[in-house]
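Here's a quick briefing on pockets and helix packing. Have the viewer open as you go through it.

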Amino acid sequence: MIYLFTLLCFVTSIFILNKLYKNTNYHKNKFIDTHKFKDIPKNLEIVNLGSNQPKFAFDYEKSDVLGMNWGVGPQSFEYDFRILEQYHSFLKRDSIVLITICPFSFLFYKDKNKTASHKYYKFLKPSFVDGFSKLKKFLYIDYPALLAKKQVLRIIKDVKKDNRLELDINPMNNNEIKQDAQKWINGWKKQFNTNDLGDIELTDEHKSDIKINIKILKDMIDFCLEQDYKPVLMILPVTTELSNLFPDEFIKKYILDYIEESNEKDVTFLNYWKDERFEKDEYYINSFFMNTIGRDKFTKQVLEDLTK
C-alpha cells in the first residue's frame with residue numbers, strides 16, 4: 001500500500017512538474033513558430049514559405065487580401081515543401097505562394113542538429129518529420145521535463161518571452177548593427193568553412209545539397225502549378241550594413257544562378273536585394289530581421305508589385 005502511494009505521489013509530481021515546465025517561456029519559445037498552424041483560415045489568397053528571414057518580413061493583416069505567414073525558422077526548402085503539401089488545402093484556387101530564398105538556402109539541406117526537427121512534431125504529420133518516433137514525441141513534446149535536466153529550474157527562474165515579432169524599433173545603434181552584420185557573416189563563413197564568400201570551396205556534400213535543393217525548388221514550383229496556384233520566387237532585403245558584406249559574386253553564383261537553374265517554368269521572380277527602399281536600419285530589429293514597421297511597408301510593396 002505504501003509502495004503504491006509512493007508511486008502515485010511520484011507520478012503526480014512528474015505530471016505537475018512537466019505541466020509547469022511546459023508553461024515556461026523557455027519551453028514555449030522553442031515552439032513559437034508552430035502555434036499559428038493550429039488556426040489556419042480557409043480560402044487563403046496568399047502565403048509565404050521560408051525560414052527566419054521571411055518569418056519577420058511578411059504580415060498581411062493590414063492588407064485587403066487574406067494571407068498567412070508560414071515561415072518557420074530555421075528551415076530548409078525541404079520543410080517548406082512539406083508544409084505546403086500538408087496545408088495547401090487551405091488555399092483557394094489561383095492563390096499566390098511566395099517561395100523565399102534566403103542567402104544560404106541552396107547550400108543548406110539537412111540540419112545537423114538532431115533536435116532541429118522536433119518542432120515539426122507539433123504540426124506536421126509523422127510521415128513529414130525526419131526520424132519521427134513515438135518515443136521522441138513522448139520525451140520531447142509530451143513530457144519534456146523528463147529530459148530537461150538543470151533546465152527544469154526555468155520553472156523557478158524563467159527567461160523572457162520571445163517578443164521579437166512585436167518590436168517596432170531597432171534596439172541596436174548603428175555600431176551594434178554593424179557588429180551584428182559581421183557576426184552573421186562570421187557565422188556563415190565558419191559554417192561553410194570559407195574565408196571568401198565570393199569563392200566558397202564547395203565540398204562534395206555542399207554540391208550534393210545544392211543539387212537536391214534545386215530539384216526540391218523545381219518540384220515545389222511544379223506542385224503549385226499543378227494545383228492552380230501561382231508560385232513566386234523572391235529574394236528579400238536586409239540592412240545596408242549586412243548587404244554590403246556580401247560580395248556581388250556570392251549573390252550571382254550562389255543565389256541568382258541557382259534560381260535561374262531552378263526556374264525552368266519561368267515563374268515570377270521578385271528581387272529586393274540591395275533595394276534602397278528597405279535597407280534602412282529603422283525597419284529592422286537587428287541587421288537581418290524586419291520589425292513591424294519594416295514588415296508592413298515591405299508586405300504592402302510586395303502586394304503592389306504582384307498586381308502589376
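Which residues lie nearest the centre of the largest pocket? They are Asn52, Gly73, Pro74, Asp111 and Lys119, out of a lining of 44 residues. Keep in mind that this is a predicted model. Below are the two biggest pockets, followed by two helix pairs that share α7 (residues 204-226).

**Largest pocket**

- The space in this pocket comes to about 1,200 Å³.
- Five helices each put at least two residues into the lining: α2 (25-30), α3 (52-55), α4 (77-87), α5 (134-142) and α6 (174-191).
- The top contributor is α2, which gives four residues.
- Sorted by class, the lining holds 21 nonpolar, 16 polar and seven charged residues.

**Second largest pocket**

- Here the volume is about 690 Å³.
- The lining has 24 residues, and Lys36, Asp59, Glu61, Asn69 and Leu165 sit closest to the centre.
- At least two lining residues come from each of α2, β2 (67-69) and α10 (292-307), so to speak of α2 is to speak of both pockets, given that α2 also lines the largest one.
- Charged residues number eleven in this lining, next to seven polar and six nonpolar ones.

**α7 against α9**

- The axis of α7 comes within 9 Å of the axis of α9 (residues 248-262), and the two cross at roughly 50°.
- That angle makes α7 oblique to α9.
- The crossing is right-handed.
- On the α7 side, Ile210, Ile214, Leu217, Lys218 and Ile221 make the contact, while α9 brings Tyr258, Glu261 and Ser262.
- By class, that gives five nonpolar, one polar and two charged residues.

**α7 against α4**

- These two helices pack with their axes 9 Å apart, at an angle of about 20°.
- With that angle, α4 counts as roughly parallel to α7.
- This crossing is left-handed.
- From α4, the contact uses Phe77, Glu78, Asp80, Phe81, Leu84 and Glu85.
- From α7, the partners are Asn213, Ile216, Leu217, Asp219, Met220, Phe223 and Cys224.
- The contact of α4 with α7 has eight nonpolar residues, four charged and one polar.
- Leu217 is worth clicking on: this α7 residue takes part in the contact with α4 and also in the contact with α9.

Note on methods
Residues are numbered from 1 along each chain as its sequence is written. This is a predicted model: local features need pLDDT of at least 70, side-chain atom pairs count only at pLDDT 80 or more; totals for chains, interfaces and linings use all residues. Side-chain values use heavy atoms; hydrogens and water are left out. Axes are lines fitted to C-alpha atoms, for helices over the stretch in contact, and angles run from 0 to 180 degrees between N-to-C directions. Angles under 35 degrees count as roughly parallel, over 145 as roughly antiparallel, 65 to 115 as roughly perpendicular and the rest as oblique. A crossing is left-handed if the near helix is turned anticlockwise from the far one by less than a right angle, and right-handed if clockwise. Contact means heavy atoms within 4.5 Å. Ala, Val, Leu, Ile, Met, Phe, Trp, Tyr, Cys and Pro count as nonpolar, Asp, Glu, Lys and Arg as charged, and the others, Gly among them, as polar. On a 1 Å grid over the protein atoms alone, a cavity is a set of points where a 1.4 Å probe fits but cannot get out, and a pocket is an open set with protein on both sides within 12 Å along at least five of seven lines; lining residues have an atom within 4 Å of a point. Grid points are joined across faces, edges and corners, and a volume is the space filled by probe spheres set on the points.
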